[in-house]
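Work through the following exercises with the sequence and the model in view, and compare each step with the solution given.

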Amino acid sequence: MQATASLGVGLDPLSLEALYRVHAPGALRLSVLLTGDRALGEDIVQDAFIRVAARRARLRDSDAFGAYLRRAVINQARSHFRHQRVVRKYEPVTHRPEATVDPDRTLRQDVWEALQRLPERQRAALVLRFYDDQSIDAIATTLGCRPGTVKSHISRGLEHLRKEVPDV
């Protein structure tokens, strides 16, 4: 395991601290890309890490802690968005301030916003493929679906992004 070499002197590669130091930064990047909110991303990573770490002894492949953590992050983000949909459905309608439009938005911001409007599974597939550089098979395993479904999510997500941000 290459990641254990960078842990530093005196850290047990099986300790929770070591696992957190190795896997949390990547999980946080994934979570922030999925949610669009750093604070929420940190909360999701912490919850996901606790869930996976608590079941560490029962993992089929203890060397795949990172893969289990990625899956847990994606599931936690999906759960958060499901909960938010229910809350929005039943919360009383109140006046919400209108968003101000910044005429100097950059292409990166446009892509970011378009990515946030994608369905959760398309967004997860695109982030895992193009940001985390995962293979189609690895994404399929992480998302719990077939490789063909992953390809479909990626294709549809890219099509949507190209329509919303033609400069890409």
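**Exercise 1: the cavity lining**

α3 gives the most to the lining of the largest cavity, with four residues. This is a predicted model, in which local features need pLDDT of at least 70 and side-chain atom pairs count only at pLDDT 80 or more, while totals for chains, interfaces and linings use all residues. Residues are numbered from 1 along each chain as its sequence is written, and side-chain values use heavy atoms, with hydrogens and water left out.

Task: state which residues line the largest cavity.

Solution. A cavity is a set of points on a 1 Å grid over the protein atoms alone where a 1.4 Å probe fits but cannot get out, and lining residues have an atom within 4 Å of a point. The lining consists of Leu 34, Ile 74, Ala 77, Arg 78, Phe 81, Glu 120, Arg 123 and Ala 124. Two or more of the lining residues come from each of α3 (65-90) and α5 (120-131).

**Exercise 2: two residues in helices**

Task: determine whether Thr 142 is buried or exposed, and with which residues Leu 28 is in contact.

Solution. Thr 142 belongs to helix α6 (residues 136-143), and it counts as buried because its relative accessibility is 6%, where buried means under 20% relative accessible area and exposed over 50% (1.4 Å probe, protein chains only). Turning to Leu 28 in helix α1 (residues 16-35), and leaving aside its neighbours within four places in sequence, one finds contacts (heavy atoms within 4.5 Å) with Arg 38, Gly 41, Glu 42 and Val 45.

Note on methods: On a 1 Å grid over the protein atoms alone, a cavity is a set of points where a 1.4 Å probe fits but cannot get out, and a pocket is an open set with protein on both sides within 12 Å along at least five of seven lines; lining residues have an atom within 4 Å of a point.
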